[in-house]
Amino acid sequence: MKVTDLMTRDVRACTIHDSLNAAARIMWDHDCGCAPVVDGHGRLAGIVTDRDICMAAYTQGLPLEAIPVEHVMSPRVISCARGDDLETAHRLMRIHEIHRLPVADSRGRLIGILSLSDLVNYSSGDSAAPSEAVEIAATISAIRRRRKPAALAASVSPNGDAAPARESTKPPKKALARRRKPAADPR
């Protein structure tokens, strides 16, 4: 079976010039967790996920309308071609630990998207081979590998008692680079 047999063809994308609000609207209106990002020629330029939007809003403290997609999107897009086998799609999802694969034509233009949900829905059908269920389980397992949390050292309160450890509240490096220094106090 080929990617073209299962991919969603009617994909909504945003452009590099859109705001995160526009990307969030696409995800809300079409019940999806990502929006491919295209340039002026319809070529894949990036991908933005619902998590990217949440983290940008949190770390930048700005309304979504004020944050350009281009500043938040992942510019490294893992994609496949419509003629690729489903095994290729599984392999790409496993290796890169991703849930969705944009499908591009030979010129890099977006023509569809294949999601893990598409693969699961196919594998639960009557026409799927039993080996497809094994592929799905392996792909889900690879994507859902637990990442090791940063070492949480116990902190000590001012009176010397051990306080419960807290997770770091440091924003990602991307956000640190964009954060502005407060104006100097004129006093």
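Entry 1, a term to start with. I call a residue buried under 20% relative accessible area, exposed over 50%, and partly exposed in between. I tried that on D31 right away: its relative accessibility is 74%, so D31 counts as exposed. I also noted that I'm working with a predicted model.

Entry 2, the whole chain. I looked up the overall make-up and found 8 helices and 7 strands in the protein chain. The chain has 187 residues, and 33% of them count as buried. Its accessible surface comes to about 12,500 Å², with 52% of that belonging to carbon and sulfur atoms. I then checked the contacts with a separation of 6 or more, and 55% of them are between residues 24 or more positions apart.

Entry 3, back to D31. I found D31 in the loop between α2 (20-29) and β2 (34-38). Its phi is near 50°, a positive value in a residue other than glycine. I jotted down the background: most residues other than glycine have a negative phi.

Entry 4, E97. What sign does the phi of E97 have? I looked, and the phi is positive, about 50°, although E97 is not a glycine. E97 follows α5 and lies in the loop between α5 (86-96) and β4. With 26% relative accessibility, E97 falls in the partly exposed class. While there I listed the buried residues of α5, which are L86, T88, A89, H90, L92 and M93.

Entry 5, β4 and β5. Is β4 largely enclosed or open? Of the 5 residues of β4 (100-104), 4 are buried, so the strand is largely enclosed by the rest of the structure. I followed its pairing next: β4 and β5 (110-115) run antiparallel over 5 bridges. One pair I picked out is A104, which stands opposite L110 in β5. The two strands form a hairpin with 5 residues between them. In that turn I found G108, with a positive phi of about 85°.

Entry 6, the sheet with β1. I traced 3 strands in an open sheet, in the order β1-β2-β3, with mixed pairing. β1 (14-15) and β3 (44-49) stand at the edges with a single partner strand each, so one side of each has no neighbour in the sheet. I looked closer at β1 and β2, which pair in the parallel sense over 2 bridges. C14 has V37 in β2 as its bridge partner. A general reminder for my margin: side chains in a regular strand alternate between the two faces of the sheet.

Entry 7, E70. I found E70 in helix α4 (69-72). Its relative accessibility is 43%, so E70 counts as partly exposed. I also looked up T15: it is 55 residues from E70 along the chain, yet the C-alpha atoms of the two are separated by 8.2 Å.

Entry 8, a pocket. I went to the second largest pocket, which holds about 270 Å³ of space. Which residues are closest to its centre? Of the 14 lining residues, they are T8, H30, C32, C34 and I113. I noted that β2, β5 and α6 (116-123) each supply at least two residues of the lining. By type, the lining divides into 5 nonpolar, 5 polar and 4 charged residues.

Terms used: Residues are numbered from 1 along each chain as its sequence is written. This is a predicted model: local features need pLDDT of at least 70, side-chain atom pairs count only at pLDDT 80 or more; totals for chains, interfaces and linings use all residues. Side-chain values use heavy atoms; hydrogens and water are left out. Buried means under 20% relative accessible area, exposed over 50%, partly exposed in between (1.4 Å probe, protein chains only). Two strands pair if DSSP finds at least two bridges between them. Contact means heavy atoms within 4.5 Å. Accessible areas come from the Shrake-Rupley method with a 1.4 Å probe; for residues, only the protein chains shown count as cover. On a 1 Å grid over the protein atoms alone, a cavity is a set of points where a 1.4 Å probe fits but cannot get out, and a pocket is an open set with protein on both sides within 12 Å along at least five of seven lines; lining residues have an atom within 4 Å of a point. Grid points are joined across faces, edges and corners, and a volume is the space filled by probe spheres set on the points. Ala, Val, Leu, Ile, Met, Phe, Trp, Tyr, Cys and Pro count as nonpolar, Asp, Glu, Lys and Arg as charged, and the others, Gly among them, as polar.
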